[in-house]
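Q: I would like to learn how to read the packing in a model like this one. Could you take me through it feature by feature?

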Amino acid sequence: MATDPHSKDSFNWKQFLNSFGPLLGLLLVIGLFSLSAELRPTFFTGGNAKLILTQTVIVATGALGMTLIIVSGGIDLSAGSLVALSSVVAATLLLHDWSPASALILTVLAGGCIGAINGTIIAGFRMVPFIVTLGMMGIARGTAKWLAGNKTVNPEENALNGIMEPIAPQNLWPLPMGVWITIALAIVMIFVMKYSVFGRYVFAIGSNEDTARLCGIRVRTNKIMIYTLAGLFFGLAGVMQYSRLTQGDPTVAIGLELEIIAAVVIGGASLSGGSGSITGTMLGALIMGVLKSGSSQMNWPTYMQEIIIGIVIILAVGLDKWRQGKQS
């Protein structure tokens, strides 16, 4: 039986792009900034690498949760507001003399509870994730402002402040604890997505929800679990946000949900669901961090950075559509 060479070629290209696309994108971005002779002496330093990694932590932590949602065929627009709310919750608990460990646990659990509410409404009432999380975006932001009294919450110096504190900022080592926490969670999630039953269910639901239901997968239960777990990551990202600013600010993280979604999409996940990887997401978050760092050092205005990130998102989605077309 003859083999269609075009089919073979498209399969190879798809595999290549899925496996190495995000890494090539990261190398391309680094290579473009390396063309500037003025930028090279400051861009390629240990201190700048530490700064990029530290700035990437919040987006990367949130993107771990968003990967689950997008791979399952959903979306969450409340991530940025939930990060702001979580930073306020952590600061408020500390202000009321809760221990740093208790504040950390309760803040992460608060994020998980809001994620569970999103998942219950979406799965239980079969509502569109876009609409539900858009509403939750306003609820979470308003709750953060109410809880903080429309001002920043400034607790005294405590152990949580050190999670994102850069020690020896001119050198790469040692990295802040927040970077190591994000790396450890990413490794755990790689194993969860690749080797656990839950991970297989996430991909199955995103590929075809009706088929997954017919195969005996409890779609509603798993969707609630997906959004709850994502909420836990958003809550942790809020703790990182608090640690970075050493205060709870209800006005921060505006538009952060777009950066988180962009990191997942740039990392190779499909907005149609059914495909994506934690490794790709982490590389996507790094691409965003490098773009921001390079643009800032080139003294490009903020609007230029936003335009560049927007173009990258459109290109990433276009590449995903092209991959799907080649596959079909």
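A: Gladly, and let us start with aromatic pairs. Keep in mind that this is a predicted model. Rings count as a pair if their centres lie within 6.5 Å, and by this rule the count comes to 3 aromatic pairs.

Q: What is the geometry of the pair formed by Trp 173 and Trp 180?

A: The angle between the planes decides the class, with planes under 30 degrees apart counting as stacked. Trp 173 and Trp 180 have 20° between their planes and lie 6.2 Å centre to centre, so they form a stacked pair.

Q: Is Trp 173 buried or exposed, and where does Trp 180 fall?

A: Exposed means over 50% relative accessible area, and buried means under 20%. Trp 173 has 55% relative accessibility, so it counts as exposed. Trp 180, at 44%, counts as partly exposed.

Q: And how are the rings of Phe 191 and Tyr 195 arranged?

A: That aromatic pair is tilted, with 40° between the planes and 5.6 Å from centre to centre. Look at the sequence too: Phe 191 and Tyr 195 both lie in helix 7 (residues 177-195), 4 residues apart, about one turn of the helix. Both residues are exposed.

Q: Let us turn to helix packing. How do helix 4 and helix 5 cross?

A: Begin with the distance and the angle of the axes. Those of helix 4 (residues 79-95) and helix 5 (residues 100-124) come within 9 Å and cross at roughly 150°. Angles over 145 degrees count as roughly antiparallel, so helix 4 and helix 5 are roughly antiparallel to each other. Their crossing is right-handed.

Q: Which residues make that contact of helix 4 with helix 5?

A: Helix 4 brings Leu 82, Leu 85, Ser 86, Val 89, Ala 90, Leu 93 and Leu 94, while helix 5 brings Pro 100, Ala 103, Leu 106, Thr 107, Gly 111 and Ile 114. By class, the contact of helix 4 with helix 5 has 10 nonpolar residues, 3 polar and no charged.

Q: What surrounds Leu 94?

A: A contact list is a good way to see a side chain's surroundings. Leaving out residues up to four places away in sequence, Leu 94 touches Ser 99, Pro 100, Ala 103, Pro 155, Asn 158, Leu 160 and Tyr 242. Leu 94 has a relative accessible area of 10%, so it is buried.

Q: How does the packing of helix 3 and helix 12 read?

A: Helix 3 (residues 46-71) and helix 12 (residues 278-297) have axes 8 Å apart and pack at an angle of about 140°. Since that angle is not over 145 degrees, the pair is described as oblique. Helix 3 passes helix 12 in a right-handed crossing. Residues of the contact include Asn 48, Ile 52 and Leu 53 of helix 3, and Ile 278, Thr 281 and Met 282 of helix 12. The classes in the contact of helix 3 with helix 12 are 11 nonpolar, 7 polar and no charged residues.

Q: How far apart are Leu 94 and Ile 278?

A: Separation in sequence and separation in space are worth reading together. Leu 94 and Ile 278 are 184 residues apart in sequence and 32 Å apart in space, C-alpha to C-alpha.

Q: Finally, is Met 136 buried or exposed?

A: Met 136 lies in helix 6 (residues 129-148), and it is buried, with a relative accessible area of 9%. Beyond its neighbours within four places in sequence, Met 136 is in contact with Ser 78, Ile 114, Ile 117 and Asn 118. Met 136 and Asn 118 are 18 residues apart in sequence, and their C-alpha atoms are 7.6 Å apart in space.

Terms used: Residues are numbered from 1 along each chain as its sequence is written. This is a predicted model: local features need pLDDT of at least 70, side-chain atom pairs count only at pLDDT 80 or more; totals for chains, interfaces and linings use all residues. Side-chain values use heavy atoms; hydrogens and water are left out. Axes are lines fitted to C-alpha atoms, for helices over the stretch in contact, and angles run from 0 to 180 degrees between N-to-C directions. Helices (H or I, at least four residues) and strands (E, at least two) are DSSP runs, numbered from the N terminus. Angles under 35 degrees count as roughly parallel, over 145 as roughly antiparallel, 65 to 115 as roughly perpendicular and the rest as oblique. A crossing is left-handed if the near helix is turned anticlockwise from the far one by less than a right angle, and right-handed if clockwise. Contact means heavy atoms within 4.5 Å. Ala, Val, Leu, Ile, Met, Phe, Trp, Tyr, Cys and Pro count as nonpolar, Asp, Glu, Lys and Arg as charged, and the others, Gly among them, as polar. Buried means under 20% relative accessible area, exposed over 50%, partly exposed in between (1.4 Å probe, protein chains only). Rings of Phe, Tyr and Trp (its six-membered ring) pair if their centres lie within 6.5 Å; planes under 30 degrees apart count as stacked, over 60 as edge-to-face and the rest as tilted.
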